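Work through the exercises below with the structure open. Each one sets a task and then gives a stepwise solution.

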Amino acid sequence: MQKFFFSILILLVLSSLSACSQDPSTKAQTVTVYAAASLSNALDEINALYQQQHDTVVHTSYASSGTLAKQIQSRAPAEVFLSADTTWMDDLADKNYLIEGSQKNLLTNRLVLITPKDKPVPLNVAENGLFDPHLFQGKLCIGNPQSVPAGKYAKEAFTYLGIWDGLLDKLVETQDVRSALNFVHRGECQLGVVYQSDAVIANTVQIVAIFPKDSHRPITYPLAMIKHEDRHNHNIKPYYDFIQSADAITIYQKYGFEVLP
């Protein structure tokens, strides 16, 4: 019996030594990506394609660009960042959080006004999004204008149209643009402002109006690699290149984004 247990002990020791001596390169390779919530559907599909073609697991975190930028400044493990506006990305660049030369404007989008498809708002809305706030009795859902790019663009558009002040008591502000979409999807808000790419994926809402491009700052999605002084992940650059490739561009366009030259 003692010989049996001794043999088992030897096997366990040998197995442990074998595991410790394995080539580190055989371990799963990873990339951690932080991206604006409006990119989730497109990026999930792009990531699935990338993982099929590369021995790399892509970890993603989706939220408002402002939330993600603040997390990066708190040393969150993000290695690639896709923002829904340039302000947050420029702030990270100014504070030296980005790998030099990696910041690039990748995509653009359109800002739209939506309503539930099964119970559209009974209101006369012009093609440019103009309506009489005094005749609107429901709730208008937008991202928080302090931190959510889509909310900032919404405030700019309604200010341009001259009706922002009349909408203040009807606003429901959300933590990101997808939350605004979900409020309208559930019928809890009669109107909402989201990106065209958000409206494309939701068959429960309909577009009431498309805001003029000159009613707000250009909607720009910049991309960059995040600097980490204590480590270097050689998987980041191939992924960074792939999400700008022809295959990725086809997927972005499928979800309603426009690719910048």
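**Exercise 1. Surroundings of Met225**

Task: Find which residues Met225 is in contact with, leaving aside its neighbours within four places in sequence.

Solution.
1. With those neighbours left aside, Met225 is in contact with Glu79, Val80, Tyr97, Leu98, Ile99, Ser102, Ile236, Lys237 and Tyr240.
2. Met225 belongs to strand 10, which covers residues 220-225.
3. Its relative accessible area is 8%. Buried means under 20%, so Met225 is buried.
4. Ile236, one of the contacts of Met225, is eleven residues away from it along the chain, and the two C-alpha atoms are separated by 7.6 Å.

**Exercise 2. The model as a whole**

Task: Describe the protein chain by its helices and strands, its burial and its confidence.

Solution.
1. The model is predicted. The average pLDDT of the protein chain is 91, and 90% of the residues score at least 70.
2. Residues 1-26 stay under 50 in pLDDT, and the model has one contact beyond four places in sequence for them.
3. The protein chain holds ten helices and eleven strands.
4. Of its 261 residues, 48% count as buried.
5. About 13,200 Å² of the protein chain is exposed, with 53% of that supplied by carbon and sulfur atoms.
6. Take the contacts between residues at least 6 apart in sequence: 79% of them join residues at least 24 apart.

**Exercise 3. The nonpolar cores**

Task: Locate the largest nonpolar core relative to the domains.

Solution.
1. The largest nonpolar core has 66 residues. Leu82, Leu113, Phe131, Leu140, Phe158 and Tyr252 have the most contacts inside it.
2. Helix 5 (residues 149-161) gives the most to this core, namely six residues.
3. Domain 1 (29-108 + 219-259) and domain 2 (111-210) both contribute residues, so the core lies between them.
4. Another core, of 15 residues, lies apart from it; Ala63, Leu68, Trp88 and Ala224 are among its members.
5. For a local view, take Phe158 and leave aside its neighbours within four places in sequence: its contacts are Leu113, Gly129, Phe131, Leu140, Ile163, Trp164, Leu167, Val193 and Phe211.

**Exercise 4. The two sides of helix 10**

Task: Determine how the buried residues of helix 10 are arranged about its axis.

Solution.
1. Helix 10 spans residues 246-254, and its buried residues are Ala248, Ile251 and Tyr252.
2. Seen down the helix axis, these buried residues fall within an arc of 100 degrees, so they line one face of helix 10.
3. An α-helix has 3.6 residues a turn, so residues three or four places apart point the same way.
4. Ala246, Thr250 and Lys254 are exposed on the other side of helix 10.
5. The buried residues of helix 10 pack against helix 2 (40-53), strand 3 (80-82), strand 4 (104-108), helix 9 (236-242) and strand 11 (258-259).
6. Just after helix 10, Gly256 has a positive phi of about 95 degrees.

**Exercise 5. A residue of helix 2**

Task: Classify Asn47 as buried or exposed, and list what it touches.

Solution.
1. Asn47 lies in helix 2.
2. Its relative accessibility is 4%. The cut-off for buried is under 20%, so Asn47 counts as buried.
3. Not counting residues up to four places away in sequence, Asn47 touches Val58, Thr60, Tyr62 and Tyr239.

**Exercise 6. Positive phi outside glycine**

Task: Place Arg75 and Asn96 in the chain and state how exposed each is.

Solution.
1. Most residues other than glycine have a negative phi.
2. Arg75, not a glycine, has a positive phi of about 70 degrees. Asn96, not a glycine, has a positive phi of about 70 degrees.
3. Arg75 lies in the loop between helix 3 (65-73) and strand 3. Its relative accessible area is 58%; exposed means over 50%, so Arg75 is exposed.
4. Asn96 lies in the loop between helix 4 (86-94) and strand 4. At 49% relative accessibility, Asn96 counts as partly exposed.

**Exercise 7. A residue of strand 7**

Task: State which residues Glu173 is in contact with, leaving aside its neighbours within four places in sequence.

Solution.
1. Glu173 is found in strand 7 (residues 171-174).
2. With a relative accessible area of 45%, Glu173 is partly exposed.
3. Its contacts, leaving aside neighbours within four places in sequence, are Ile142, Asn144 and Pro145.
4. Gln146 is 27 residues from Glu173 in sequence and 9.8 Å from it in space, C-alpha to C-alpha.

Technical notes:
Residues numbered from 1 in each chain as written. Predicted model: local features only at pLDDT ≥ 70, side-chain atom pairs only at ≥ 80, totals over all residues. Heavy atoms only, no water. Helix = DSSP H or I, 4+ residues; strand = E, 2+ residues; numbered from the N terminus. Buried < 20%, exposed > 50% of the residue type's maximum accessible area, 1.4 Å probe, protein only. Contact = heavy atoms within 4.5 Å. Areas by Shrake-Rupley, 256 points an atom, 1.4 Å probe, with all protein chains shown as cover. Core = buried A, V, L, I, M, F, W, Y, C linked by side-chain atoms within 4.5 Å. Domains from an automatic or database assignment. Arc of directions from axis to C-beta. pLDDT = per-residue confidence, 0-100.
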